[in-house]
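Biologist: Take me through the cysteines in close detail, please, and then go on to the charged side chains. To start, how many disulfides does a search of the whole structure find?

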Amino acid sequence: MKRFTPEEKYKYNIRKQQKTLEEFAEHEFEWANDLMYWYRLKKQDMPDDEYRACAFFQNREYRNKPGSLTLLYEMYLRCHNELPQVTKENAFDILCFQFKMYAQVLKTGGYDGKPNW
């Protein structure tokens, strides 16, 4: 039986984490589309920070920025645990807040494409 190289062993050990992050990215890609659609239905302009977070998922920028998806996933878990239960009445507001928090995480992590001076 062939032994794993250190690189193969590392990839084998992190496969579950990668799958979780991939599922999270696909899930948030759909929610970003929904949020943009809801703003269009309400005929409102989307705030820049929410738009930036939506564009991050839609353009799949996380592929070129290592570590960004992990930070966003941690914020997702935090929002999921700390925010109130989602109902039909508050779903839009909670989703807006969640994407605002994503934008803040991207900004503080240096993934927003702007220099942090």
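Modeller: A disulfide here is a pair of cysteine sulfur atoms within 2.5 Å. The model is a predicted one, so local features need pLDDT of at least 70 and side-chain atom pairs count only at pLDDT 80 or more, while totals for chains, interfaces and linings use all residues. Residues are numbered from 1 along each chain as its sequence is written, and side-chain values use heavy atoms, with hydrogens and water left out.

On to your cysteines: searching the whole structure turns up zero disulfides. Take Cys-54: its closest cysteine sulfur belongs to Cys-96, and at 8.6 Å that's too far for a bond. Coming from the other side, Cys-96 has Cys-54 as its closest cysteine sulfur, again at 8.6 Å and too far for a bond. Cys-54 is buried, with 0% relative accessible area (buried is under 20%, exposed over 50% and partly exposed in between, using a 1.4 Å probe and protein chains only). Cys-96 counts as buried too, at 7% relative accessibility.

Now for the charges. The count of salt bridges comes to seven, taking a side-chain nitrogen of Lys or Arg within 4 Å of a carboxyl oxygen of Asp or Glu. One of them joins Lys-19 to Glu-23, N to O at 3.7 Å. Both residues sit in helix H2, four residues apart, or about one turn of the helix (helices are DSSP runs of H or I, at least four residues, numbered from the N terminus). Lys-19 is exposed at 52% relative accessibility, whereas Glu-23 is partly exposed at 49%.

There's a similar story in helix H4, where Glu-82 and Arg-78 are also four residues apart, about one turn of the helix. Their side chains meet in a salt bridge with an N to O distance of 3.4 Å. Glu-82 is exposed, with a relative accessible area of 58%, and Arg-78 is partly exposed at 47%.

Then have a look at Glu-61, which is buried at 16% relative accessible area. Its side chain meets that of Lys-65 in a salt bridge of 3.4 Å, N to O. Arg-52 joins in as well: Arg-52, Glu-61 and Lys-65 are linked in a network of salt bridges.

One last stop is Gly-109, in helix H5, which covers residues 91-109. Gly-109 is partly exposed at 34% relative accessibility. Its C-alpha is 9.9 Å from that of Leu-72, with their positions 37 residues apart along the chain.

Technical notes:
Helices (H or I, at least four residues) and strands (E, at least two) are DSSP runs, numbered from the N terminus.
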